[in-house]
Amino acid sequence: ATTRLLASAVNKAFQEHHLNFDQTFDVIGDLYDGPHDFKVDGRDFNFETHFFDKLSPEEQQAWWETKVGTLIGIIVDEIVQRGRKGADVLAMGVLPRKWWPELLAAAVPLAREQARRILGLTYLPPYDIAYPSTSGGQLPPLPPDEETGRAPSCGDIEIQHPCGALSFMSLDQRARLDAGLQWLHRHILGDSHVVYFRRLTPKFGDYSEAERRRAQADAKAREGGFEGQLP
């Protein structure tokens, strides 16, 4: 479902031709490889809680080495076979934004060294990993709350996972998802624009991020257990 949403978002930006999925994304990765239940003991599946934290230290190290090793192979091919000097990356979701930059940071220097030896070079230029960001001008900032005048907090490269676009994701966060895809495909989109996710209507309403967070805080206050000032 996630890959179909992303492919549809890009193809909707084109008027005259359709791209195959492998023409829109070179590589798609997930922290958890393989199928899993959406709910575990009544809670949404969480990579850390329901998988990684249950592994032994040795198993965690093996998982890390496997992930880094896979990335090394991908990056070596990108350098040696395709002559590329970097990668544009979308990390969508809270845990992907935490884990993928760390995995890539570990993989890149090792991949560069392998590629340098394969190519028989004494020096290989840096292989740059780029993320769309608010400070870089690729992602729109969240607008301020009309009541408080303050914008909701948002990480510089925060892009929410597309699976929430049809349920709880705010209009502002859907705009950031569209903008991230626009940035990722800027070389093939030209003057076309990605507006796919902004035009979706989520199950729980078409709210701004400030409105969504205020409603969420109000709900917690009514249920009890909420501490601190309401937004």
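Helices, of at least four residues, and strands, of at least two, are DSSP runs numbered from the N terminus. The exercises below apply this to a predicted model.

**Exercise 1. Where does Asp26 lie, and is Asp26 buried or exposed?**

Solution.
1. Asp26 belongs to the loop that runs between helix 2 (21-24) and strand 1 (39-40).
2. The relative accessible area of Asp26 is 59%. The cut-off for an exposed residue is over 50%, so Asp26 is exposed.
3. The side chain of Asp26 forms a polar contact of 2.8 Å with that of Arg84.
4. Asp26 also lies 9.7 Å from Ala87, C-alpha to C-alpha, although 61 residues separate the two in sequence.

**Exercise 2. Classify the ring pair of Phe52 and Trp99, and place the pair in the chain.**

Solution.
1. A search of the whole structure yields 9 aromatic pairs.
2. For Phe52 and Trp99 the ring centres are 4.9 Å apart and the planes meet at 65°. Centres within 6.5 Å make a pair, and planes over 60 degrees apart count as edge-to-face; the pair of Phe52 and Trp99 is therefore edge-to-face.
3. Phe52 sits in the loop between helix 3 (47-50) and helix 4 (57-80), whereas Trp99 is in helix 5 (residues 94-119). With their positions 47 residues apart, the pair links distant parts of the chain.
4. Phe52 and Trp99 are both buried.
5. Ring pairs join these two residues with Tyr32, Phe47, Phe51 and Trp63 in a cluster.

**Exercise 3. Which residues make the nonpolar surface patch of about 250 Å², and how accessible is Leu121?**

Solution.
1. The patch is made by Ile118, Leu119 and Leu121.
2. Leu121 is located in the loop between helix 5 and strand 4 (128-130).
3. The relative accessible area of Leu121 is 34%. This value falls between the limits of 20% and 50%, so Leu121 is partly exposed.

**Exercise 4. Describe the overall architecture and surface of the protein chain.**

Solution.
1. The protein chain contains 8 helices and 4 strands, and their order along the sequence is α-α-β-β-α-α-β-α-β-α-α-α.
2. The C-alpha trace spans about 65 × 50 × 30 Å along its principal axes.
3. Of the 231 residues, 36% count as buried.
4. Among contacts between residues at least 6 apart in sequence, 64% join residues at least 24 apart.
5. The chain exposes about 14,000 Å², of which carbon and sulfur atoms supply 51%.

Note on methods. Residues are numbered from 1 along each chain as its sequence is written. This is a predicted model: local features need pLDDT of at least 70, side-chain atom pairs count only at pLDDT 80 or more; totals for chains, interfaces and linings use all residues. Side-chain values use heavy atoms; hydrogens and water are left out. Rings of Phe, Tyr and Trp (its six-membered ring) pair if their centres lie within 6.5 Å; planes under 30 degrees apart count as stacked, over 60 as edge-to-face and the rest as tilted. Buried means under 20% relative accessible area, exposed over 50%, partly exposed in between (1.4 Å probe, protein chains only). A polar contact is a pair of N or O atoms within 3.5 Å; within protein, one must be able to donate a hydrogen and the other to accept it, and residues adjacent in sequence count only if both atoms are side-chain atoms. Patches are made of residues with over 30% relative accessible area and no salt bridge: like charges are joined within 9 Å, nonpolar side chains (Val, Leu, Ile, Met, Phe, Trp, Tyr) within 5 Å. Accessible areas come from the Shrake-Rupley method with a 1.4 Å probe; for residues, only the protein chains shown count as cover. A salt bridge is a side-chain nitrogen of Lys or Arg within 4 Å of a carboxyl oxygen of Asp or Glu. Contact means heavy atoms within 4.5 Å.
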